[in-house]
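Please walk me through this structure step by step, with its domains, the meeting of its chains and a detail of its strands taken in turn.

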Amino acid sequence: MLLDKLISFFTSLKLTVVCLALAVVLVFIGTLAQVDMGLYKAQNAFFRSFIVFWGPQGADWKIPVFPGGYLIGGVLLINLVAAHYKRFGFRRDKLGIIITHLGLILLLLGQLATDLLSRESNLHLRIGEARNYSESDRLTELAVIDTTDGDTEKVVAIPDSTLAEQREIRNAALPFTIRVKQYLANSSLSDQAQPGFEKCPATAGAGPRLWMKEEPRVTKMDARDVPSALLELEANGQSLGSWLVSEYLREPQSVTFAHHTYTLALRLRRYYKPFSLQLLDFRHDIYKGTEIPKNFSSRVRVRNAATGEDREALIYMNNPLRYGGLTFYQASFDPDDKGSILQVVHNPSWLTPYLACLLVGAGLTIQFLAHLIPFVKRRLTP
Amino acid sequence: MKKWLPWILVAAMAAWVVTALFPPPEKGFQAREFGQLPVLLNGRIQPFDSVARNSLLQIRTKQSLVWSGETGSEHLTASQWLLEVLMKSEVADTRPAFRIDSPELLGMLKLPEKEKYFSFNQLKDKLDDIERQSDRIQGVEPAHRTPFEKQVMRLQNALVLYQRLKITLRPPNSDDFTAELAQFQKALGPGLAAVRAREAGQKYDEQAFGDFIQSFSVFNDMARYAYALVVPPPNPEASRDAWETVGTNVMRLAHGGTLSPAVQSYAALVTAYRANQPGQFNAALDSYRQWLGERFAPEVKKGQREFFYNGFQAFYKALVIYVLAFVLACVSWFNRSEVLRRSAFYLIVLAWIIHTVGIGFRMVLEGRPPVTNLYSSAVFIGWAAAILGLALERLYRDGLGAAIASLVGFVTLVIAHNLALAGDTMEMLRAVLDTNFWLATHVVAVTLGYSATFVAGMLAIFYLIRGLFTSTLDKDTSKGLARMVYGIVCFATLFSFTGTVLGGIWADQSWGRFWGWDPKENGALLIVLWNAAILHARWGGLVRERGLMNMAIFGNIVTSWSWFGVNMLGVGLHAYGFMDAAFKWLMIFVGSQVALIALGLLPDRYWKSFQGRSPQPAAAPAASGLKRRPAAA
């Protein structure tokens, strides 16, 4: 009885219409919210969430006010699948609708997979430079690098999410433990006393000469948090000193312990690849007599030691390089036009929208023509 | 006579369009021939005529100059006005070319508030004032500027543009440019010698030095501030893009270069024009054109074609004919005249052909698919809506399709006209948009989706007005209308969905993500969602005829927001068409649609057409709707 009710609820067209109408409202307010919140935050709050919460500015409580993108999309998906299972058998006159809905299901699932599985990072190359890793555009990591052996570096990377827990970190590859005494998700540093800044309590490295300040988290789209952390290294129950690590500090800070030298750096999170990309040339053309960009392009050399591959490729707007399960896009460039920034996307489900588009386009066309042609014929026969 | 009326009307309008293509030959200075000469501006080859028209649009919001002078109404075409500005600026300075609307700004400048157009001479003493104001306003974000501040910026930009035009061909205060150029070439040797001697700390000819420095600084100004690049590249084989200003070319002399024959031709033109010698002017023009034709044949051809396109004014002519057709279609409902309905239909076909020719011409000139910016999207929406309306008219023959075709055609062309005030409508496309494949697929599909949604909304409005205020909406008509709206919404769903997903795929190709919740993407998604909601509501029997109509009217709001509203948010990667003057109109439009929907929600007993029909007037009118199953579901 309850099951029947549930089934009829989830297969009803009313539910479809309600969900579509809710989606219209959600997309509208989610778009307006971007003006204040920035694209990234609004996207998480409205579209990549189950429930949209609202609270007055400055208050620390929030109440659920609206279904989020995941909830509406999820219910629509269930609704769609259930309706097909229950109501539509295969019928020739429904062929268009069936294909359309199959395409939609594929599209929604593909986007869910993209949300869960895709990873974006940046590859910044100056002309001539080669790299075998890309960097996250907002996530950071603490890299503890054993530089004792001049030729190879042993890197232990600790993600910022672990640092944020402000606890003791042990790693089998390290002879000491790292205690995160303080973690500032967004920060400023200064080399002199300033209002709002406190003296850094670090005992070693660059820290003792600096003042630090916790900043509010950034919401703008074109800016990001710059974290800092205060670390204490301990071995055999004894402190080796405390260090301030920060993305502001470019100079490596080193610590020597048990005849090994380690450097500490808080840096953008790196993703290593089994191949390297070298920037051979970057072009930024403008239309004569204007500032309007005509073309951005990066000529790169792909080298893969494992496969012996060594070739050149040209990346430009609307023409990315797909290689090794990754896609490299022309994203930005250095102000002096001597360096290029490529966006690197790992998205296993990138093909689903292409298929979905074909299916839905075909389905809608079939359905539309199946109604239109007989109708026009009828109207035009006298 | 009555039988022939449609054909007579079409013939008359066609004659009007065609005769405008063959203007009488020019007496005196051949401004039209001059207007066809190619130059490089905004990164593209265009004729002087386009420079003139787009400048006038920005300065005066008109494409020509009309004013009442001492001898009655006087008139200058854009090219004639440009000739004056380039060559006889002291006369151009007296023409009322600057438009100022803001009473506040007029007050600040102490100008008569009753007038709208002012000459440069009237503004000459106020340049410092205006510049001071605009320097301050520059610091204010465009979105936060007051109407007064916007007017100041507009005037300042117009003044800068005008003054840059003035030194494009001729040094300021120059009277006989040919002679001055020859003099400069003669004085060059001694001048350079004096400069070198001075640098070496030796004795030098002060007179020669002073003359040289003075001319040089004049040409340097011309090189820096000239508005258009008018001198063709010296080696077209090496680079066809390397156009330069007159000043740059003259300054080459100082570095051992040679003067371009083009500069000599321009100097001859200026000299002849200032001496009021049309014969000499036309001869110089002829020889320059010949020289150019031998070396720059494609550019000359481009200039001629665009000049022709400018003069044709296809969209303006289509607009006029759409208005006429709309009036005829409306009248045909009142007197039930088949002749008038047919006249309207034929006229729309004519207007649509002219509309099509205009779009085709633009596509050839730009080498692009039909929609490349907001301006061309307006033109294209009107075009697609007109053909949809024509198809409906052909199927139903009731004047409704004709009315919608002509109304949407007219309104979108008015919108396009206003968007054109921003300047060149054929500007070059930034790198990411530089792809004919995606412009031809994604943009065209999305724009067709806009058109169809608007047509469905307009049909719904006609249904509502007819049903509410007249008693002519009988059962068959309303059924037919509902079917039309349903069909058009299907069409809109097909195109907006395909277009939106194609856009996602384009984004995947260029930015690395299929969907980024960018405002423009969301706008397109809203149309898809709303159209899908309409279709499902109809299939599920949640709405009947009137509900369908109200939902279709709401589609107008969704579409207008997606088309214009998202650009006003000023965020996101797509925010290339930001403009705020349109905000007021968008709000008015949205308000009107909300009012219509409110009317549409009135119970049956207020609908004139339904009063006789419903057997139970007071019992449960609002909920019952029309008590009929949708026909086409």
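What follows moves from the domains of one chain to the contact between chains and then to a hairpin.

The model is predicted, and a convenient place to begin is chain B, for which the domain assignment gives domain 1 with residues 1–20 and 313–428, domain 2 with residues 31–297, and domain 3 with residues 429–612. Between domain 1 of chain B and domain 2 of chain B, the C-alpha centres are 38 Å apart. Where these two domains of chain B touch, seven residues of domain 1 are in contact with seven residues of domain 2, and the side belonging to domain 1 is made up of four nonpolar, one polar and two charged residues.

The next step is the contact between the chains, to which chain B contributes 50 residues and chain A contributes 49 residues. On the side of chain B, the elements giving two or more residues are strand E1 (38–41), helix H21 (475–510), helix H22 (519–539) and helix H23 (545–569), and of these H21(B) gives the most, with 14 residues. Sorted by class, this side of chain B holds 32 nonpolar, 14 polar and four charged residues.

Turning to chain A, the reader can follow strand E15(A), residues 293–304, and strand E16(A), residues 309–316, which pair in the antiparallel sense over eight bridges. Within this pairing, Val300(A) has Ala313(A) in E16(A) as its bridge partner. The hairpin of E15(A) and E16(A) has four residues between the strands, and in this hairpin Gly308(A) takes a positive phi near 75°.

Conventions: Residues numbered from 1 in each chain as written. Chains lettered and ligands numbered in written order. Predicted model: local features only at pLDDT ≥ 70, side-chain atom pairs only at ≥ 80, totals over all residues. Domains from an automatic or database assignment. Nonpolar A, V, L, I, M, F, W, Y, C, P; charged D, E, K, R; others polar. Pairing = 2+ DSSP bridges.
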